[in-house]
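This dialogue takes a learner through the reading of a protein fold. The learner asks how to read each feature, and the teacher replies with the general idea and then the case at hand.

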Amino acid sequence: KKMNYKIIGRYIKQLTFNIPNPETFFLLSKNISNYKINIDIKSAQLKQNIIEVLTSLNLTPVKETSEKIETKIVYSTVVELNKENALKEELEKIILIKIPTEIYPDLRQIFVYLFEKSGFKDIKINKEVDFEKLYKIKKIQ
């Protein structure tokens with residue numbers, strides 16, 4: 001019995017894009033590589049067969065600094081499942097691999113667009129993320 005799902009809605013749930021001042025902006029233009037991308041996935045059950053998957057993307061400074069940008073985007077995907085008694089692992093894979101893989105290109109595009117419109121041309125955000133690999137690493141831990 002394979003569990004199928006259908007995305008019934010997707011939207012930007014939360015967006016933070018804060019560059020506090022010109023100094024930070026100019027520092028950042030030079031040191032964008034000092035930031036690293038974090039991806040986080042959470043989920044919540046809305047109704048019996050409807051879940052919300054929240055995929056968030058944010059940039060954090062590699063080393064702590066007082067002048068830093070705050071950027072975070074939380075993308076909501078509302079998913080309808082069509083099997084009542086699905087295996088927990090099957091559901092995990094949908095939430096942690098399938099949905100993020102499907103919505104990541106859009107999520108990345110929005111994030112990159114924000115940076116480009118703020119004058120950052122060479123923002124390096126992976127074109128693809130191997131969510132399956134991330135899932136397996138988490139499994140081991």
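**Reading the sheet, the helix and the core**

Q: Before the details, which residues is Phe115 in contact with, leaving aside its neighbours within four places in sequence?
A: The model is a predicted one. In it, Phe115 is in contact with Phe17, Ile32, Leu59, Ile69, Thr71, Phe120 and Ile123, when neighbours within four places in sequence are left aside.

Q: How should such contacts be read in terms of a core, and which residues of the largest nonpolar core touch the most other members?
A: In soluble globular proteins, nonpolar side chains tend to be buried together. Here the largest nonpolar core has 30 residues, and those that touch the most other members are Val53, Leu59, Phe111, Phe115 and Ile123. Two or more residues come from each of β2 (35-47), β3 (50-61), β4 (70-81), α2 (88-117) and α3 (131-140). The most come from α2, which gives 10 residues.

Q: How does one read the sheet, and in what order do the strands form it?
A: Strands of a sheet pair through backbone hydrogen bonds, either parallel or antiparallel. In this model 4 strands form an open sheet in the order β1-β4-β3-β2, with antiparallel pairing. The edges are β1 (5-18) and β2, each of which pairs on one side only. From one strand to the next, the twist averages 15°.

Q: How many bridges join β3 to β4, and what connects β2 to β3?
A: The antiparallel strands β3 and β4 are joined by 10 bridges, and Leu57 stands opposite Ile73 of β4. The pair β2 and β3 is antiparallel over 12 bridges, with Ser43 opposite Val53 of β3; a hairpin through 2 residues links these two strands. Likewise, β1 and β4 pair in the antiparallel sense over 12 bridges, and Gly9 stands opposite Val78 of β4.

Q: Is β3 mostly covered or mostly open?
A: In general, the side chains of a regular strand alternate between the two faces of the sheet. As for β3, 11 of its 12 residues are buried, so the strand is mostly covered.

Q: Why is Thr77 classed as buried, and which residues does Thr77 touch?
A: The class follows from the relative accessible area, with buried meaning under 20%. Thr77, in strand β4, is buried because its relative accessible area is 0%. Not counting residues up to four places away in sequence, Thr77 touches Ile7, Gly9, Arg10, Ile51, Glu52, Val53, Ile99 and Ile103.

Q: Why, by contrast, is Lys136 classed as partly exposed?
A: Partly exposed covers the range between under 20% and over 50%. Lys136 lies in helix α3, and its relative accessible area of 48% is why it is partly exposed.

Q: How is a long helix to be read, and where does α2 bend?
A: An α-helix has 3.6 residues a turn, so residues three or four places apart point the same way. Helix α2 has 30 residues and reaches 42 Å from its first C-alpha to its last, close to the 44 Å expected at 1.5 Å a residue. A bend of about 45° occurs at Tyr104, and a proline, Pro105, follows within four residues. The helix lies across β1, β2, β3 and β4, running at about 140° to β4.

Q: What phi does Gly119 take just after α2, and how far apart in space are Lys136 and Gly119?
A: Just after α2, Gly119 takes a positive phi of about 90°. Lys136 and Gly119 are 17 residues apart in sequence, and their C-alpha atoms are 37 Å apart in space.

Terms used
Residues numbered from 1 in each chain as written. Predicted model: local features only at pLDDT ≥ 70, side-chain atom pairs only at ≥ 80, totals over all residues. Heavy atoms only, no water. Core = buried A, V, L, I, M, F, W, Y, C linked by side-chain atoms within 4.5 Å. Buried < 20%, exposed > 50% of the residue type's maximum accessible area, 1.4 Å probe, protein only. Contact = heavy atoms within 4.5 Å. Pairing = 2+ DSSP bridges. Expected span 1.5 Å × (residues − 1). Bend = angle between axes of the 7 residues up to and from the residue. Axes fitted to C-alpha atoms, helices over the stretch in contact; angles between N-to-C directions.
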